[in-house]
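Subject: Structure handover and notes

Hello,

Please find the structure below, followed by my notes on it. Let me know if anything is unclear.

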Amino acid sequence: MEKQITVLHKEPYEPPREITIPNELDMFQMFVNGPIQIIPAVTFTGKDRHIVVVCDEEAKLKERKPAPNLFLGKPPRWDIVRGPVVVCAADDEDLDSLNEDEIMIAEAWLRMVEIVNGGANG
């Protein structure tokens, strides 16, 4: 497991930022403001590597800002992720750095799944 990893950090209403953080549970909890949940986002065909979204598993209960949201899944099983997120790579066991290609894919994916709700203030 890498000690430092390159990830995208995304706050509501802000574009994602590429940052390097220690690969430690408490750092992920700090960036998402709560206990983490890991959600697969993009799977690379033929590989055991994925792009994942790390979010606060309690964000909906905490009534975090409703917009913009990340809209994940396929109809009819959409799910909404609220609050700040960290996007990184993962294999079957560990979280990992995004490489340059994965950063471009993740940024494009974030633009596609972000839903802006007419300036709602939450």
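Asn-33 lies in the loop that runs from helix 1 (25–32) to strand 3; helices here are DSSP runs of H or I with at least four residues, strands are runs of E with at least two, and both are numbered from the N terminus. This is a predicted model, in which local features need pLDDT of at least 70 and side-chain atom pairs count only at pLDDT 80 or more, while totals for chains, interfaces and linings use all residues. Residues are numbered from 1 along each chain as its sequence is written, and side-chain values use heavy atoms, with hydrogens and water left out.

Asn-33 is not a glycine, yet its phi is positive, at about 65°. Its relative accessible area is 41%, so Asn-33 is partly exposed (buried is under 20%, exposed is over 50%, and partly exposed is in between, with a 1.4 Å probe and protein chains only). The C-alpha atom of Asn-33 is 9.5 Å from that of Glu-58, with the two positions 25 residues apart along the chain.

Glu-58 sits in the loop between strand 4 and strand 5 (69–72). Glu-58 counts as partly exposed because its relative accessibility is 33%. It also takes part in a salt bridge with Lys-62, where the closest N and O atoms are 4.0 Å apart (a salt bridge is a side-chain nitrogen of Lys or Arg within 4 Å of a carboxyl oxygen of Asp or Glu). Lys-62 has a second partner, Asp-56, with 2.7 Å from N to O. Through these shared partners, Asp-56, Glu-58 and Lys-62 form one network. The search of the whole structure gives 2 salt bridges.

How do the other two members of the network rank for burial? Asp-56 is buried because its relative accessible area is 4%, whereas Lys-62, at 37% relative accessibility, is partly exposed.

On the overall fold, the protein has 2 helices and 9 strands. Read from the N terminus, the order of elements is β-β-α-β-β-β-β-β-β-α-β. The protein has 122 residues, and 43% of them count as buried.

In soluble globular proteins, nonpolar side chains tend to be buried together. The largest nonpolar core here has 16 residues, and Leu-8 and Val-87 touch the most other members (a nonpolar core is a set of buried Ala, Val, Leu, Ile, Met, Phe, Trp, Tyr and Cys residues joined through side-chain atoms within 4.5 Å). Strand 3, strand 4, strand 7 (85–90) and helix 2 (100–113) each give two or more residues to this core. Helix 2 supplies the largest share, 5 residues.

On the surface, Asp-48, Asp-91, Asp-92 and Glu-93 make up a negative patch (patch residues have over 30% relative accessible area and no salt bridge, and like charges are joined within 9 Å). Asp-48 belongs to the loop between strand 3 (36–43) and strand 4 (50–56). Asp-48 counts as exposed because its relative accessibility is 56%.

One more loop residue is Glu-11, between strand 1 (4–10) and strand 2 (17–22). At 31% relative accessibility, Glu-11 is partly exposed. Glu-11 and Arg-82 are 71 residues apart along the chain, and their C-alpha atoms are separated by 9.5 Å.

Regards

Definitions and conventions. Patch = residues over 30% accessible without salt bridge, like charges linked within 9 Å, V, L, I, M, F, W, Y side chains within 5 Å. Areas by Shrake-Rupley, 256 points an atom, 1.4 Å probe, with all protein chains shown as cover. Lys, Arg positive; Asp, Glu negative; His and termini not counted. Charge placed at Lys NZ, Arg CZ, Asp CG, Glu CD.
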